[in-house]
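Student: Hey, got a minute to go through this one with me? I'd like to poke at a few spots and then zoom out.
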Amino acid sequence: FPVTIQVNLAAGTAAAPAICAGNDVNTGIFSPAADNIGIATNGAERVRIDNSGNVGIGITAPGFTLDVQSTTANLVATRFSADTNPSQLILRKSRGASVGTNTIVSANDSVGGLHFQGANGTGFTDAAGILAEVDTTPGASNDMPGRLRFLTTPDASGTPTERMRIDNAGLVGINTTTLGGVADSHLTITGSSNSRAVLVYRDWE
């Protein structure tokens, strides 16, 4: 007959985890709060999984699916292979409302973004960003037109402004979202009536 056995242990602490190996009594797994799991090494909490499934490294109250905080927060991915393939960071987007559902995205959907933020004294504010978006209507299988938008935040503001974009045809726009207005134009630059849209210096020496 199948038997279910549940073992209830004391919650433990980071300094004295409930589950540890051998005589290493300050390294192991414990429960820092209801429905939370913590992992400790050398008597200090290193990883927290909270009651919503968020994972924190270096933080006890993760605010994101994976929240990493440290005085030396560096993320490194190294690939060792005798080929031309690189290390990869893949950001994906589906319009499916539940995990695992593959529902086609729509034009103008953002499929990935990099946000660069600085501390403002009470929180963090965007200083710049790069967004990858669906440029026009995608189709089934291998039809996913994309564009890249580059943004920076102007002085005395906390809202990033688009400065440049590259569309699905490879057309580039600076200070404009209207690209390719003239036949065979691959670069479009817009400025005010009294601005120098393009300034080129040449060293004659």
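Student: Where does Ala156 lie?

Tutor: Ala156 sits in the loop between β9 (146–152) and β10 (161–166). Keep in mind that this is a predicted model.

Student: Is Ala156 buried or exposed?

Tutor: Exposed: the relative accessible area of Ala156 is 82%, and the cut-off for that class is over 50%.

Student: What about the backbone there, what's phi of Ala156 near?

Tutor: Phi of Ala156 is near 65°, so a positive value in a residue other than glycine.

Student: OK, and Asp35, what is its phi?

Tutor: About 65°, positive although Asp35 is not a glycine. Asp35 is placed in the loop between β2 (24–30) and β3 (37–41).

Student: Buried or exposed, that Asp35?

Tutor: Asp35 is exposed, at a relative accessible area of 64%.

Student: Switching to pockets. What volume does the largest pocket have?

Tutor: About 790 Å³ for the largest pocket. It has 15 lining residues, and those closest to the centre are Phe64, Leu66, Asp67, Val68 and Gln117.

Student: Which strands supply at least two residues each of that lining?

Tutor: β6 (66–68) and β7 (110–119). The largest share comes from β7, with five residues.

Student: And how do the residues of that lining divide into nonpolar, polar and charged?

Tutor: For the largest pocket, nine are nonpolar, five are polar and one is charged.

Student: What's the volume of the second largest pocket?

Tutor: That one is about 230 Å³. The second largest pocket has 13 lining residues, and Lys93, Asn102, Ile104, Val105 and Met144 lie nearest its centre.

Student: How many of its lining residues are nonpolar, polar and charged?

Tutor: In the second largest pocket the lining has five nonpolar residues, six polar and two charged.

Student: Let me ask about a glycine. Where is Gly96 found?

Tutor: Gly96 is in the loop between β6 and β7. Beyond residues up to four places away in sequence, Gly96 touches Thr101 and Thr103.

Student: How accessible does Gly96 come out?

Tutor: Partly exposed, with 23% relative accessibility for Gly96. Buried would need a value under 20%.

Student: Now the other end of the chain. Where's Thr188 placed?

Tutor: Thr188 is in strand β12, which covers residues 187–189. Thr188 is buried, with a relative accessible area of 18%.

Student: Which residues is Thr188 in contact with, leaving aside neighbours within four places in sequence?

Tutor: Val172, Gly173, Ile174, Thr176, Thr178, Leu179 and Gly180 are the contacts of Thr188.

Student: And Ser185, where does that lie?

Tutor: Ser185 is in the loop between β11 (172–174) and β12. At 18% relative accessibility, Ser185 counts as buried.

Student: What does Ser185 contact, again without neighbours within four places in sequence?

Tutor: Leu171 and Gly180. As for distances, the C-alpha atom of Ser185 is separated by 30 Å from that of Ser141, which is 44 residues apart along the chain.

Student: Any similar distance for Val7? How far are the C-alpha atoms of Val7 and Asn74 separated?

Tutor: Those two C-alpha atoms are separated by 38 Å, and Val7 and Asn74 are 67 residues apart along the chain. Val7 itself is in the segment before β1 (19–21), and it is exposed, with a relative accessible area of 61%.

Student: Zooming out, how many helices and strands are there?

Tutor: The protein has zero helices and 12 strands. Along the sequence, the pattern reads β-β-β-β-β-β-β-β-β-β-β-β.

Student: Why is it described as more spread out than a compact globule?

Tutor: Because the radius of gyration of the protein is 25 Å, well over the 17 Å that the globule rule gives for 205 residues. The C-alpha trace spans about 75 × 45 × 40 Å along its principal axes.

Student: What share of the residues is buried?

Tutor: Buried residues are 19% of the 205 residues. Among contacts with a separation of 6 or more, 12% are between residues 24 or more positions apart.

Student: Last one: what does the accessible surface come to?

Tutor: About 15,300 Å² for the protein, with 55% of that belonging to carbon and sulfur atoms.

Terms used. Residues numbered from 1 in each chain as written. Predicted model: local features only at pLDDT ≥ 70, side-chain atom pairs only at ≥ 80, totals over all residues. Heavy atoms only, no water. 1 Å grid on protein atoms, 1.4 Å probe; cavity = no way out; pocket = protein on both sides within 12 Å on 5 of 7 lines; lining within 4 Å. Points joined across faces, edges and corners; volume = space filled by probe spheres on them. Helix = DSSP H or I, 4+ residues; strand = E, 2+ residues; numbered from the N terminus. Nonpolar A, V, L, I, M, F, W, Y, C, P; charged D, E, K, R; others polar. Rg over C-alpha atoms; globule rule 2.2 N^0.38 Å. Buried < 20%, exposed > 50% of the residue type's maximum accessible area, 1.4 Å probe, protein only. Contact = heavy atoms within 4.5 Å. Areas by Shrake-Rupley, 256 points an atom, 1.4 Å probe, with all protein chains shown as cover.
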